[in-house]
Each structure stands twice: as C-alpha cells, then as structure tokens.
Amino acid sequence: MAAGAAELQGKYQKLAQEYSKLRAQNQVLKKGVVDEQANSASLKEQLKMKDQSLRKLQQEMDSLTFRNQQLAKRVELLQDELALSEARGKKSKKSVESSSQLSQEQKSVFNEDLQKKIEENERLHILFFEADEQHKRLEAELRSRLEVLETDAAQHQAVVDSLTKKYTDAIEKLQNDKAKLEIKSQTLEREAKDCRLRTEECQQQLKNLQAALGSRLEESLCIINEKVPFNDTRSNRYNALNVPLHNRRYQLKLRDLAGKALAFVQELVTALLNFHTYTEQKVQIFPIDSATDTISPLNQKFSQYLHENASYVRPLEEGMLHLFESITEDTVTVLETTVKLKAFSEHLASYLGFLRKILPYQLKSLEEECESSLCTAALRARNMELHRDMKRLTAVFEKLHTYVSLLALPSTKPEGLLRTNYNFVFTNIAATLHGFHDVLKDISKHYSQKATLEQDVPTATQKLITTNDCILSSVAALTNGAGKIASFFSNNLDHFTASLSYGPKGGTEFISPLSAECMLQYKKKAAAYMKSLKKPCADSVPYEEALANRRVLLSSTESREGLAQQVQQSLEKIAKLEQEKEHWMLEAQLAKIKLEKENQKLKNSLSGHLTETIQDHSILPNVTEQKKETTEKKEPIKSTSLIGMLTITADNEKAPDVESREDLIKTHYMARIAELTSHLQLADSKSVHFHAECRALAKRLSLAEKSKESLTEELKVASQNISRLQDELMTTKRSYEDQLSMMSDHLCSMNETLTKQREEIDTLKMASKGNSKKNKSR
C-alpha cells in the first residue's frame, strides 16, 4: 500500500509539474492572442482614419477641380475681352497707344499666372492618381492580412479552448486522484495505528513468552544436569550413530529420480550395444568385404574386441538397477549409505577400460580406411573428424568415471571427499554430461556426412547402406539419451546437492560407512518398535463366554487333530494327482505323436492298394495292426519340446531309465514354469510401474503446456500493452512538441507581420502628412 501511494504521489507531482508548465505556456499564448486582437483593432482604426483622410483628399480634389473650371472660364472671358480690346485698339490705335503698354504687361502677368496654375493642376492630378492607386493597393493588402490574422486568431482561440478544456479535465482528474489518495492515506494511517497497536501487543506477548521460556529452560537444564548422564551429540563419533530426521518426501523424490535415471541408462545401454554391434558389422564390410576377401588383421582384432561389448555394457544397467533397488522409502539415502554406487563406478571403470582398449584399433581402422583407394578427399576429412571425436568421447567417459568414483568415496573412504565439495562434483558431472551430449551430436553429424559420401562410392552395396543407416539410428538414439540424461541431471542438481548431504543433527563431519550401517540398523529397530506400539490390542473375550467355549474346545481337540491329519493327507494326494496329471499329459502328447505317425503310414499304405477288391478290406485291420507292431519295434518316435529333441522307441519304453527320464522332464518343466511365472510377475510389475510413471509424466506435461500457453499469452498481452503505452507516450510528446513549435512559429510570424504593418503605417502616415502639407501650401 505504501509503495502504491508513493507511486501515485510521484505521478501526481509529475502531472502537477506538467500542468504548471502548460499553464504558463497557456498564459503566454493568451497574452499573444490579446496583443494580436489589440493590434488588429488598432489596424482597423488606422484603416478608418485612412479612409477619412482619403475622403478629405477627394473633397479637396473636387474643390480644386471646381476652382480650375472657374479659372478656365475666367481665362476664356479674359481672352474674349482681350480680343474685343484688340479690335477696339485697331480703331483707336492712337488713343490706345498710351494704354497698350499697360495691357501687354497685364497680359503677360496673366499668362504667367495661368501657366503656373495649369502646371500645378497637372502635378496635383498626377499626385492624386498615384496616391489613389497606392491607397487601393495598401487597402487590399491590409484587408488580406486582416483576414489571415482573423483566421489565425480563430485557430489560436480554438487551440486555447481545447487546451483549457483538456487542462480543466486534467485538473478534475488530478483532484479526484488527490481525493482518492487522501482517502488511501487516511486508511493507511488507520492501518499504521492498528499495526502499532498490534506490535505493542506482540512485543508484550514476546516479553511474556521470553520470560516463560526462560523459566522452562532453567527447569529443563536442571533436569538434564540431574537426570541425563551422557550427551552423545557433543561427540561427532557418537552423534554419527544417531538416526537423522526421516524425510519421506525426499526419499520418494530420490526413488522417483533414480527410476528415471534407470530408464535413461537402459536407453543409453541399448543404444551403446547397437552402436558397437553395427560398428563391428561395418568393419567387416567396408573397405573390404569379409564375404569376398580377407580383411586386415587390425580390423579382425577390432571386430573381435567389439564382439565382447555386451559383457562390458550390460553391467552398467545391472549396477544402476541395484542402485535403484537400494533406494527405498524406509532407508536414509545419503552418499555414505549408497554402497551400490561403488559397484556402478566399478562397472563404469570396466566399460572405460573397454573403450581404452578399442580406441587405438578404431583410430588405426579409420587411418587404414583413409589409405584405401576407395577413400576420397571429402571422405578422408570426415574420417579424421571422427578420429578426433572418438578421442573426445573416451576423454568424456574418463572424466565421468572420475567424478562418479569421487561420489562413491563417502561410502568406502569418507576422508577422500569433503562434504563441502559435493556441489562442485555434482556441477562437474552435469557439465560432463552436457559435453558428452555435444560430442555425440558431432559424431552423429560427421557420421551422417560420411554415410552420404560412402553411398556415392562405386563399390557400395545395399548391405553397407543398411549398416550405415543402423549406425546412424543408434548414434541418434545415443544423442537423444545423452541429451535426456544431461537435462535431467541439470534440472535436479539442486535436489541432489541438498538431499544427498544431510546427516545427524549437529553433525559437522562425515558419517563413516560403519556408523552409517549401524545407524540404519537402529532406524529399522526404531521403526519396528513404533509399529509394535501402533498395533491395536486384540478384542478380549468375556470370562463367561470363555468358560463356555473352553468345554467345546476341550471336546473338539481330538476331532481337530483328526481333521488336520485328513487335510494333510488330502493335500499330499492332490500333489501326487497333479504330478500324475502332468505325467499322463506328457504320455498323451507322446501317444498323439505316435497316432499321427501311424495314421500317416496307414494313409500311405492304403494309397498303394486302391485297386484291391472290397473282399480283402476285412483283412486290412489285421495287416495294419501287424504293421503297427513292427513299426513300433523298428522305427523311433521323435518329440520336440523346450529341451530339444526327444527320441523314443519300443525298446526304450521297456528300458529301466524311463522313470528317470520322466522325472527329468517333469523337473525341467516345473523349473521352466516357475521361471516363466517369475519373469511374468516381474514384467507385470515393471509394466504397472512404467504405466503409472507415464501417466504422471503425461499429466505433468499437460499441466506444463497449459501453464506455458497461459504465460505466453500473458507475456504477449504485456508486451503489447508496453508497446502501446510507449507509442502513446511518444505520440503525446510529439504532439505537445509540435503544438508548441507551431505556436511559437505563429507568434514569430505574427510579430513579424505586426512590425511590417507598423512600418507600413508609419510610411503611410509620413506620406499623408507630406500630402496634407503640400495641399495646405497649395
């Protein structure tokens, strides 16, 4: 709860910081929008002022045009008056000669004034046209800019509204989270108060318990000092004889693991037998076939040694079986008590000696195969790789034997291996098994390549191809078995190191083998004593009923003894009858064989006399009986059974050793039946055990697959959620950054447009001031 509250508080602080940043940015954006609105309003007012000044200028222009028209009319009138005055001057030249000079001077003055007015009027017309065009162009630009600014202002206002809405929602959410966190903090405070009260109560109870235990400890120490004369746990020699705590779960687990290891070793043994046998066949076929030509003495010796592989490989299975049988539910299985591990180590040493014995012959055989004319360069390379692999295989078996012999030391020489080194030995065994698996994988790979190359040899026969296939299948079985053993040992390594190293309570040294044996005997005695204590007492008979039954028992003792004798005699008769039954069954089989032979001879004799008459038919039985007697005297009878071929004649039937032969047959069949029944019972027990183990493994496999599927689905969902959250985070960051960059760009563009508009307005003001000054001067 505290961790969740801290995470929520951290998230709340981050959101508050982001909200404060966005709020400051929002205020800046609001100020920018307000400034833009004020600038647009000022620009509108300036536009209105410009319109008013333009109207004034237009009015002034109209007045000037009207004035120009008046002046033009006046000029026309003056010209008319001049023409009239010139006409009058012709009539009265003399009278006007005195005043002509004055009129010419006035005329020249008027002409100069008129010319000036005309030039000024043209210049004003040009200025007015240019000002009008410039005003129209400026008005169009300002209106377009005003529209752009209005659209920008609307967009900014929409962004501001959306951000304010979003921030208000975030504020409400944060307020709700804050309220929830406050409620949670209150509940946590209450829980903390309750926990404090509980801790105080627990401390008080602890004090009381410590006081009570201290008093009881003093009492028990006093009792021990007074009553117990000898404490065997102080001495490791005596403590080793104490029975350790029996962990039934560990024992069952160890037995289960030993059963699995036995199954794996059996698979490995069958694969090794097949591999050595098929290798022997291959040596006799390739490169020289022993059926057509004599093979080299080296290969003859190599095949002879390979033929002895069963005597070295089979004991591995037997040793593992004895080790499995020694691990029961009632024993204490530690390395000091597993005496059968020494026998398994010895069997492994004998197999290692077998591998060392055949290794030089195998290497020389490969070299001899490389030197033959049928061997190509690629095949030679594969042979050299197998040459190296066989050396590695023998080295792996040497390492494995070393570590297994080290594990067998505590049961024979406890000073040879310290208990602290158990873990090191087990880990090295696991690593060696993985190395064994790797070597077998390399052998399988190189042998498959070699087999494909040998198929391309022109002298390759079908026998060679099938032998190579058999070798490849045996190597594949070896590889699979080694992989199973390596994974099995690695998965259960912790259990081996934990369960195979416990001992008596407080013991720090090894349990010697003798003390371990004594400890197991004490354990059996203790278990028998506990069982005897757990046996329920027999129900007692009431006294009156016992007195009544005593008379009946006394009267029936004689009859009981007679019945017992009759039962014994009947059992003996039954046994004799069973023996006679078996004897007569054998006799019936012999008679049946005789009858079949006689019938066959009778059919053969009848087929030769089909042309005889029906009258002679009555003579045939006598003849056939005589023939039977003669054949019984002359021809022997053969009977096949499990012990071989049995030959019986008429003379043999009368011989004195008939009974001995029957007894021999009978004893053989009885022994054979007993052996078969024992094998059948053993096979039934093994089948039941394997069936139960397979069912348990199937259930575990189904549960593991279901859990694997659920975990994979959860992992997929979690990865999808993580990727989705990361994408959302990146998109929100990018959107915020893009919005901020866009807003900053808009603000910069608006500032630039405002500065340009201000400069243009200033220029327009200066131009309007200049025009007004010129108009005033005019």
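This tour visits a cluster of aromatic rings and then a charged surface patch. The model is predicted: local features need pLDDT of at least 70, side-chain atom pairs count only at pLDDT 80 or more, and totals for chains, interfaces and linings use all residues. Residues are numbered from 1 along each chain as its sequence is written, and side-chain values use heavy atoms, with hydrogens and water left out.

**Stop one: the rings**

The whole structure holds 7 aromatic pairs (Phe, Tyr or Trp rings, the six-membered one for Trp, with centres within 6.5 Å; planes under 30 degrees apart are stacked, over 60 edge-to-face, the rest tilted). Select Tyr 351 and Phe 397. Their ring centres are 5.4 Å apart and the planes meet at 70°, so this pair is edge-to-face. Tyr 351 sits in helix H7 (residues 340-371) and Phe 397 in helix H8 (residues 377-408), 46 residues apart. Helices here are DSSP runs of H or I, at least four residues, numbered from the N terminus.

Tyr 351 is buried at 1% relative accessibility, and Phe 397 is buried at 6% (buried is under 20% relative accessible area, exposed over 50%, partly exposed in between; 1.4 Å probe, protein chains only).

Now add Phe 436. Its ring centre lies 5.2 Å from that of Phe 397, with planes at 70°, so this pair is edge-to-face. Phe 436 belongs to helix H9 (residues 422-455), so the pair ties together parts 39 residues apart in sequence. Extend the selection to Tyr 312 and Phe 354: ring pairs link them with Tyr 351, Phe 397 and Phe 436 into a cluster.

**Stop two: the glutamates**

Go to Glu 705, in helix H16 (residues 658-777). At 43% relative accessibility, Glu 705 is partly exposed. Add Glu 709, Glu 713 and Glu 714 to see the negative surface patch they form with Glu 705. Patch residues have over 30% relative accessible area and no salt bridge, with like charges joined within 9 Å and nonpolar side chains (Val, Leu, Ile, Met, Phe, Trp, Tyr) within 5 Å. A salt bridge puts a side-chain nitrogen of Lys or Arg within 4 Å of a carboxyl oxygen of Asp or Glu.

Methods
Areas by Shrake-Rupley, 256 points an atom, 1.4 Å probe, with all protein chains shown as cover. Lys, Arg positive; Asp, Glu negative; His and termini not counted. Charge placed at Lys NZ, Arg CZ, Asp CG, Glu CD. Helix = DSSP H or I, 4+ residues; strand = E, 2+ residues; numbered from the N terminus.
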